[in-house]
Structures are given as C-alpha cells and as structure tokens.
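Visitor: I should like to learn how to read the surroundings of a ligand in a structural model. Might we go through one example together?

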Amino acid sequence: MNQGHFITFEGGEGAGKSTQVKLLAERLQALGHTVVVTREPGGSPFAEKLRELLLDPATPPHDALAEALIFYAARADHLNKTIRPALFAGNWVLCDRFADSTRVYQSMASTLPTDVCDKLDDIVVGETQPGLTVVMDIIAEEGLARAHARRLEGVAPVDGEPEADRYEARDLTYHRALREGFLQVAKMNPDRCFVVDASDEAEVIAEKVWSKIATQVLREAL
Ligand code: Z5A
C-alpha cells in the first residue's frame with residue numbers, strides 16, 4: 001500500500017515543470033518532509049540509459065508503438081527502483097512528466113491507439129497512479145521560446161547553438177496538438193488534474209500549486 005504522496009507535473013516543452021518541481025520540493029523539505037525528485041524518461045539508472053536513446057536526435061526513425069514501449073520499459077524500471085520504494089517509505093515523490101506524457105505525445109498527438117496506451121498503463125503503472133497531476137498550460141510558441149532560451153543559457157557564442165532534442169525540434173502544429181492533448185487529459189481526469197496558467201510568474205504558479213497541495217493532498221492525509 002502507498003504511504004507517501006505521488007505528484008506529477010505535465011505539459012508541453014518549456015512550460016516550467018522542472019522549475020515548479022524544484023520550488024515545491026524546497027517548500028516541502030523546509031517543513032521537514034522527505035522528498036524524492038525524479039523525472040521521465042529517466043529516474044533510475046536503466047531508465048536514464050533509455051532516456052539518452054529516446055532524446056538523441058540521431059536515433060533512427062521508429063513508430064509510435066515502438067517508442068511507447070521504450071517509454072513504458074523505462075517507466076517499469078523507474079517505478080520499481082525509485083517511485084514505489086519511496087512511496088512505500090512514506091516519502092513525497094515529485095515527478096517531472098509521467099504516463100500522461102505518453103498518452104499525449106505517442107497517442108493523442110501521434111498514432112498509438114488509445115486502448116494500447118490503456119493496456120500498457122494497466123500492466124506497468126497499475127495502482128501506482130499519481131494523487132495529483134499539475135498540468136502546466138502555456139501556448140506552444142511561448143513554451144518553445146523558453147525552452148530555446150534555456151538551451152542557450154551558459155553556452156558561449158563560439159560553441160554555436162546546442163541541438164534541440166527529437167521532440168523540441170518538431171513543428172508548431174505538433175506542439176499545439178500537445179497542448180490540446182494535455183488539456184483533454186485534464187478534462188478526462190478532473191479529480192486528479194489541476195491546470196495552472198504557466199504563463200504567470202514562477203512564484204505565482206508556485207503559490208497556486210501550494211494552495212492545491214494544502215487543500216487537497218495534505219487535508220486528505222489528515
Ligand atoms: N516524452 C514523451 O514523448 N513521452 C513520454 O512518455 C515522456 C516524455 C515521459 C523529455 O524531454 C521529452 O520526452 C519531452 C517529451 C518526451 N519532450 N521534449 N522536449 P525533457 O525532459 O528534456 O524536456 P521537457 O520535459 O519538455 O521539459 P523542458 O523543456 O526541460 O521544460 P520544463 O521543465 O517544462 O521547463 P523549465 O526547465 O522549468 O523552464 C524552461 C525555461 O523557462 C527555463 O529557462 C526557466 O528558467 C524558464 N521559466 C520557467 N518557469 C518560468 C516562468 N513562470 N516564467 C518565465 N520563465 C520561466
């Protein structure tokens with residue numbers, strides 16, 4: 001049985017997920033909670049190896065089913081090595097992307113049939129569902145501009161521009177479909193998902209997330 005709290009952050013590129021994960025972790029730690037910050041793809045040594053393959057622009061083309069199977073292979077290991085042990089120990093687990101990303105990227109915005117996505121989720125995630133998912137909503141253009149600016153941070157002009165990963169490099173129509181996909185996931189799961197306007201200042205978003213945690217997650221834990 002899960003004793004801890006499992007919170008996921010979802011949204012398109014550059015929405016500010018990593019920033020919010022960090023701010024929430026700091027706030028929880030300041031209150032004395034043990035927090036495990038993790039991410040997908042990745043979060044365990046095997047899953048981090050698969051992350052390299054998944055994000056590498058040089059990875060050969062493959063279909064959405066093959067890709068989803070790799071994401072779920074990584075997720076299975078991540079759940080068993082990192083997430084479930086942490087929850088069992090009563091910790092908070094904050095995860096930067098999780099299964100909703102597969103539903104949106106490989107299914108809604110690509111070609112993986114919904115029922116295949118459902119089956120993979122049943123087999124791999126099962127009952128280890130997040131208690132709360134923060135969906136960070138931002139127009140695709142703004143998110144991409146942030147992701148682009150972040151990629152340039154700390155890079156000397158002489159080094160040239162670092163390459164976008166396989167997902168960031170796709171066209172605007174695809175990124176708009178991702179935004180719609182995440183909003184649809186939130187509509188389908190109103191009890192679990194909390195949509196925030198990710199174009200706000202980071203501190204404003206963090207306050208909204210904290211209010212939600214205080215009213216939903218902490219109250220339910222009493
Ligand atoms: N993927 C998939 O297809 N299927 C799956 O099942 C899973 C993933 C799990 C992982 O990439 C890729 O894998 C992802 C989907 C796919 N696609 N891509 N690309 P990743 O982990 O490398 O990247 P990401 O998840 O998309 O996150 P990101 O681009 O790193 O962005 P972010 O975490 O949402 O944002 P951030 O790093 O917090 O902020 C970005 C910049 O904006 C940074 O400079 C911040 O300082 C700035 N920022 C943050 N918040 C604000 C606010 N509020 N205002 C202004 N500026 C801000």
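Guide: Let us begin with a definition. A pocket is an open set of grid points with protein on both sides within 12 Å along at least five of seven lines, and a molecule sits in a pocket if more than half of its atoms lie within 2 Å of the pocket's grid points. The model shown here is predicted. In this model the ligand sits in the largest pocket.

Visitor: How much space lies in the largest pocket, and which residues are closest to its centre?

Guide: The space in the largest pocket is about 810 Å³. Its lining consists of 39 residues, and G14, K17, S18, R97 and R150 are the closest to the centre. By class, 17 of the lining residues are charged, 14 are nonpolar and eight are polar. Among the helices, α6 gives the most to this lining, with five residues.

Visitor: Which residues come nearest to the ligand itself?

Guide: For this one considers the residues with a heavy atom within 4 Å of the ligand. There are 28 residues around the ligand, of which E13, S18, R97, T102 and R150 come nearest. This shell divides into 13 charged, eight nonpolar and seven polar residues.

Visitor: Which helix supplies the largest share of the shell?

Guide: That helix is α4 (99-108), with four residues. Other helices that each supply at least two shell residues include α1 (17-30), α6 (140-152) and α8 (202-221).

Visitor: Which polar contacts may be read at the ligand, and how much of its area does the protein cover?

Guide: A polar contact is a pair of N or O atoms within 3.5 Å. The side chain of Q106 places a polar atom 2.9 Å from a nitrogen atom of the ligand. Two further examples involve the backbone: an N or O atom of G16 lies 2.9 Å from a ligand oxygen atom, and a polar atom of D200 is 2.9 Å from a ligand nitrogen atom. On its own the ligand has 1,100 Å² of accessible area, and the protein covers 85% of it.

Visitor: How does one read a cavity, and what is the volume of the largest one here?

Guide: In a cavity a probe fits but cannot get out. The largest cavity has a volume of about 120 Å³. Of its 16 lining residues, G12, E13, I138, H175 and R179 are the closest to its centre. The lining comprises nine nonpolar, four polar and three charged residues, and α7 (172-188) gives the most, with five residues.

Methods:
Residues numbered from 1 in each chain as written. Predicted model: local features only at pLDDT ≥ 70, side-chain atom pairs only at ≥ 80, totals over all residues. Heavy atoms only, no water. Polar contact = N/O pair within 3.5 Å; in protein donor to acceptor, adjacent residues only side chain to side chain. Areas by Shrake-Rupley, 256 points an atom, 1.4 Å probe, with all protein chains shown as cover. 1 Å grid on protein atoms, 1.4 Å probe; cavity = no way out; pocket = protein on both sides within 12 Å on 5 of 7 lines; lining within 4 Å. Nonpolar A, V, L, I, M, F, W, Y, C, P; charged D, E, K, R; others polar. Points joined across faces, edges and corners; volume = space filled by probe spheres on them.
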